[in-house]
Number of protein chains: 2
Amino acid sequence: MTARSGGVARSARPADPGRVLPGQREILDAAALAFTQNGYAATSMDEIAERLGATKGRLYHHYRAKVDIFHDIVCSGMQELIDGVAPIVARQDLSCADRLWRMAHHHAGLMMTRNSYQRVAVQAVEMHRMSKSVDAVLEEMFVLRDRYEQLFAEVINQGRQNDEFRDVDPRLATKPVLGALNWISLWYDPERGDFATRARVAEEYADFVVGGLRRSRP
Amino acid sequence: MTARSGGVARSARPADPGRVLPGQREILDAAALAFTQNGYAATSMDEIAERLGATKGRLYHHYRAKVDIFHDIVCSGMQELIDGVAPIVARQDLSCADRLWRMAHHHAGLMMTRNSYQRVAVQAVEMHRMSKSVDAVLEEMFVLRDRYEQLFAEVINQGRQNDEFRDVDPRLATKPVLGALNWISLWYDPERGDFATRARVAEEYADFVVGGLRRSRP
DNA sequence: GTCTATATGTGGATAGAC
DNA sequence: GTCTATCCACATATAGAC
């Protein structure tokens with residue numbers, strides 16, 4: 001989870017790559033909320049610190065730069081998605097439609113229960129085509145995103161071959177699926193939604209994306 | 001198209017509301033491209049001016065503030081969506097599935113052919129829940145967005161009542177539909193896509209969203 | 001490990017020349 | 001109508017005390 005660039009650790013502490021240190025977790029939580037509410041570029045380090053009841057000094061002790069905080073939030077969020085969905089893909093005992101349904105359901109759930117992290121991750125995806133964007137620090141992030149998309153493409157491709165799904169291009173078909181799901185993070189308000197709402201939304205979305213790919217008359 | 005706030009014109013020139021003056025169009029085009037590539041907050045007025053081969057002086061002659069440029073781009077983009085889709089909604093001779101298909105197809109097309117404006121509009125939608133965001137200047141924008149969403153809800157509701165569609169909450173059902181479609185603006189690269197690609201994408205998306213709502217076995 | 005300065009750069013917006 | 005010059009606020013990041 002620690003961004004590296006040319007062998008130089010981007011987090012202040014070296015740390016095992018892939019882990020977030022205790023002192024960092026609070027920072028990430030506060031920053032994720034701030035980035036969610038104001039956007040990455042419009043959020044100042046002072047504001048993040050203020051949410052922690054601290055000052056910038058603390059942030060720069062744990063992270064070298066603002067973009068590194070962003071990086072850790074995004075990778076953390078993406079990793080959660082992958083960890084949840086990968087086991088479902090492996091369930092060869094289930095039909096492709098069932099697997100896709102569960103993948104979508106799980107993804108939708110995370111967009112709501114882990115809203116701040118996931119919404120920041122969505123901001124990162126948008127930077128995809130942005131030229132000067134935020135250095136090349138975010139490349140690791142795009143690797144994760146591609147791997148995640150590949151999980152969906154795999155199931156869609158298999159379902160196409162056994163005639164569960166329409167004859168779509170698997171790679172293209174992941175776009176409306178993940179687009180619809182990611183969009184949840186933008187409109188869902190964690191302050192207002194309760195458990196029942198989340199359950200209903202996740203089911204509706206899972207039905208929707210599976211319906212979008214299934215053959216009309218099987 | 002000229003943002004007003006408490007009776008004070010936000011564009012430098014008074015102008016008929018709803019129109020974009022000739023001198024402004026170039027600015028909007030350049031700014032839309034810049035906002036697309038770097039994001040609204042990360043784009044400087046200097047950068048917009050540079051794309052025009054001009055300086056800030058010119059921008060501030062036509063617009064009072066950066067946010068007013070943003071406003072005009074977004075409203076222009078939204079208006080294009082409404083203008084294209086509203087006539088389709090009125091086609092009572094078509095089935096709801098057919099109407100929704102055409103609406104989605106048209107929306108998808110605009111996400112690609114008018115990519116810069118539409119992608120900026122998507123940025124605006126994301127600011128929905130952002131607190132300090134960009135003043136209250138953008139309220140007119142949200143009115144347009146709600147009106148547009150309502151067009152989709154109308155057709156979905158009618159289709160639900162005549163059993164073309166599943167028994168969904170029309171308001172909730174617009175979310176995955178528009179989410180999937182809006183997402184196109186984020187991954188589609190206008191530099192690379194040709195006419196055939198756009199046609200294929202628009203059809204695939206239209207099939208997808210109609211399939212997502214249609215009853216499985218009619 | 002966290003704080004208080006502070007250095008340094010940049011960006012939005014304005015004033016006034018041409 | 002566009003440019004140059006400039007003001008002022010603010011943001012990132014650093015240095016060094018505690």
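Author: Helices, with at least four residues, and strands, with at least two, are DSSP runs numbered from the N terminus. With that in hand, we can place Arg129(B) in the loop between helix 6 and strand 3 (133–136) of chain B. Please keep in mind that this is a predicted model.

Reader: Thanks! Why does Arg129(B) count as partly exposed?

Author: Buried means under 20% relative accessible area and exposed means over 50%, with partly exposed in between. Arg129(B) has 22% relative accessibility, so it counts as partly exposed.

Reader: Which residues does Arg129(B) touch, not counting residues up to four places away in sequence?

Author: The list is Thr36(A), Asn115(A), Arg119(A), Ser185(A), Leu186(A), Trp187(A), Tyr188(A), Asp189(A) and Pro190(A). On the scale of the two chains, 46 residues from chain B and 46 residues from chain A take part in the contact. About 4100 Å² is buried between chain B and chain A, and carbon and sulfur atoms give 60% of that area. Arg129(B), together with Trp183(B) and Phe208(B), supplies 21% of the area that chain B buries against chain A, more than any other three residues.

Reader: Let's try another loop. What makes Gly39(B) count as buried?

Author: The cut-off for buried is under 20%, and Gly39(B) has 10% relative accessibility, so it counts as buried. You will find Gly39(B) in the loop between helix 1 and helix 2 of chain B. Gly39(B) follows just after helix 1 and takes a positive phi of about 90°.

Reader: What is Gly39(B) in contact with, leaving aside its neighbours within four places in sequence?

Author: Gly39(B) is in contact with Met130(A), Ala34(B) and Gln123(B). Also, Gly39(B) and Arg119(B) are 80 residues apart along the chain, while their C-alpha atoms are separated by 9.7 Å.

Reader: Now the helices. How do you know that helix 1 of chain A and helix 4 of chain A are roughly perpendicular to each other?

Author: Here the steps are an angle and a range. The axes of helix 1 (residues 22–38) and helix 4 (residues 66–89) of chain A come within 10 Å and cross at roughly 90°. Angles of 65 to 115 degrees count as roughly perpendicular, and therefore helix 1 and helix 4 of chain A are described that way.

Reader: Which residues in helix 1 of chain A meet helix 4 of chain A?

Author: Gln24(A), Arg25(A), Ile27(A), Leu28(A), Ala31(A), Ala32(A) and Phe35(A) come from helix 1 of chain A, and they meet Lys66(A), Ile69(A), Phe70(A), Asp72(A), Ile73(A) and Ser76(A) in helix 4. Sorted by class, this contact of helix 1 with helix 4 of chain A has 8 nonpolar, 2 polar and 3 charged residues.

Reader: At what angle do the axes of helix 1 of chain B and helix 4 of chain B cross?

Author: The axes of helix 1 and helix 4 of chain B cross at roughly 90° and come within 10 Å. The two helices of chain B are therefore roughly perpendicular to each other. The contact of helix 1 of chain B with helix 4 of chain B has 8 nonpolar, 2 polar and 3 charged residues.

Reader: Which elements do the buried residues of helix 1 of chain B pack against?

Author: They pack against helix 2 (45–51), helix 3 (56–62), helix 4 (66–89) and helix 6 (115–126) of chain B. Among the buried residues of helix 1 of chain B are Ile27(B), Leu28(B), Ala31(B) and Phe35(B).

Reader: Why is helix 6 of chain A called largely enclosed by the rest of the structure?

Author: Just count: 12 of the 12 residues of helix 6 of chain A are buried, so the description fits. They include Tyr117(A), Arg119(A), Val122(A) and Glu126(A). For chain A as a whole, buried residues make up 55% of its 218 residues.

Reader: One last loop. What makes Asp163(A) count as partly exposed?

Author: Partly exposed lies between the 20% and 50% cut-offs, and Asp163(A) has 49% relative accessibility, so it belongs there. Asp163(A) sits in the loop between helix 7 (139–161) and helix 8 (170–187) of chain A. Its phi is near 70°, a positive value in a residue other than glycine.

Technical notes
Residues are numbered from 1 along each chain as its sequence is written. Chains are lettered from A and ligands numbered from 1 in the order in which they are written. This is a predicted model: local features need pLDDT of at least 70, side-chain atom pairs count only at pLDDT 80 or more; totals for chains, interfaces and linings use all residues. Side-chain values use heavy atoms; hydrogens and water are left out. Axes are lines fitted to C-alpha atoms, for helices over the stretch in contact, and angles run from 0 to 180 degrees between N-to-C directions. Angles under 35 degrees count as roughly parallel, over 145 as roughly antiparallel, 65 to 115 as roughly perpendicular and the rest as oblique. Contact means heavy atoms within 4.5 Å. Ala, Val, Leu, Ile, Met, Phe, Trp, Tyr, Cys and Pro count as nonpolar, Asp, Glu, Lys and Arg as charged, and the others, Gly among them, as polar. Buried means under 20% relative accessible area, exposed over 50%, partly exposed in between (1.4 Å probe, protein chains only). Buried area is the accessible area (1.4 Å probe) that two parts lose on being put together, summed over both.
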